[in-house]
Amino acid sequence: MSLPADLFRQLDTMVEERGLPSRSQLIAELIRHALAEHEALTRPEEMLAGTITLVYRGDRGRVRQQLAQSQAEYLKEVISSQHVFLEDDQSLEVLLVQGPAARLKELCDALRAIRGVHQLELVTTTALLPPLHDKEPVRKPARRARKTPAAGEAVA
């Protein structure tokens, strides 16, 4: 692979600043990220996992309620959510998501449309979460036989 000298120096600086053992590791990470983005754009049916990171102002009307409603509409895609309060009545929320690329893009668009959302970033990977539930039928636990007291026995 050949690169312009300036880009090569920037790459080496990035490797050093991140404390990585080699350029190859950084290049592999960058390629994986680019491939996941490419999959999301070119194959809308492709299943992806990732995170959506949001920064928003909590004092803007019903922003938290609208965010919760939007997430509820994408219940199959939103696996979990983590929320923390920031300074100046801002909030940071990270959603763990999985689903078809097109559906994740729709979710991001719905969240971005909420007034008060300042930043939103979707980071995806083609590696998926393992199935959360087996597809085997649910078995009911076996009932234990109740001992009926014999005539004249006391019941504790």
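How much accessible surface does the protein chain have, and what share of it belongs to carbon and sulfur atoms? In this predicted model, the accessible surface comes to about 12,000 Å², and 54% of that area belongs to carbon and sulfur atoms.

Allow me to begin with the overall layout. The protein chain contains four helices and four strands. Followed along the sequence, these elements give the pattern α-α-β-α-β-β-α-β. Of the 156 residues in the protein chain, 24% are buried. Among contacts between residues at least 6 apart in sequence, 65% join residues at least 24 apart.

I turn next to the interior. The largest nonpolar core has 18 residues. Those touching the most other members are Ile-52, Leu-54, Leu-67, Leu-95, Val-97, Leu-107 and Leu-111. Two or more residues come from each of strand E1 (47–57), helix H3 (63–73), strand E3 (90–100), helix H4 (101–112) and strand E4 (117–125). The most is given by H4, which supplies five residues.

Val-97 deserves a closer look. Leaving aside residues up to four places away in sequence, Val-97 touches Leu-48, Ala-49, Gly-50, Thr-51 and Ile-52. Its contacts also include Glu-77, Val-78 and Ile-79, together with Leu-104, Leu-107 and Leu-122.

Finally, I come to the surface. Met-1, Leu-3, Leu-7 and Phe-8 make a nonpolar patch of about 410 Å². Leu-3 lies in the segment before helix H1 (5–18). Why can Leu-3 belong to a surface patch? Patches take residues with over 30% relative accessible area, and Leu-3 meets that cut-off because its relative accessible area is 32%, which makes Leu-3 partly exposed.

Technical notes:
Residues are numbered from 1 along each chain as its sequence is written. This is a predicted model: local features need pLDDT of at least 70, side-chain atom pairs count only at pLDDT 80 or more; totals for chains, interfaces and linings use all residues. Side-chain values use heavy atoms; hydrogens and water are left out. Patches are made of residues with over 30% relative accessible area and no salt bridge: like charges are joined within 9 Å, nonpolar side chains (Val, Leu, Ile, Met, Phe, Trp, Tyr) within 5 Å. Accessible areas come from the Shrake-Rupley method with a 1.4 Å probe; for residues, only the protein chains shown count as cover. A salt bridge is a side-chain nitrogen of Lys or Arg within 4 Å of a carboxyl oxygen of Asp or Glu. Buried means under 20% relative accessible area, exposed over 50%, partly exposed in between (1.4 Å probe, protein chains only). A nonpolar core is a set of buried Ala, Val, Leu, Ile, Met, Phe, Trp, Tyr and Cys residues joined through side-chain atoms within 4.5 Å. Contact means heavy atoms within 4.5 Å.
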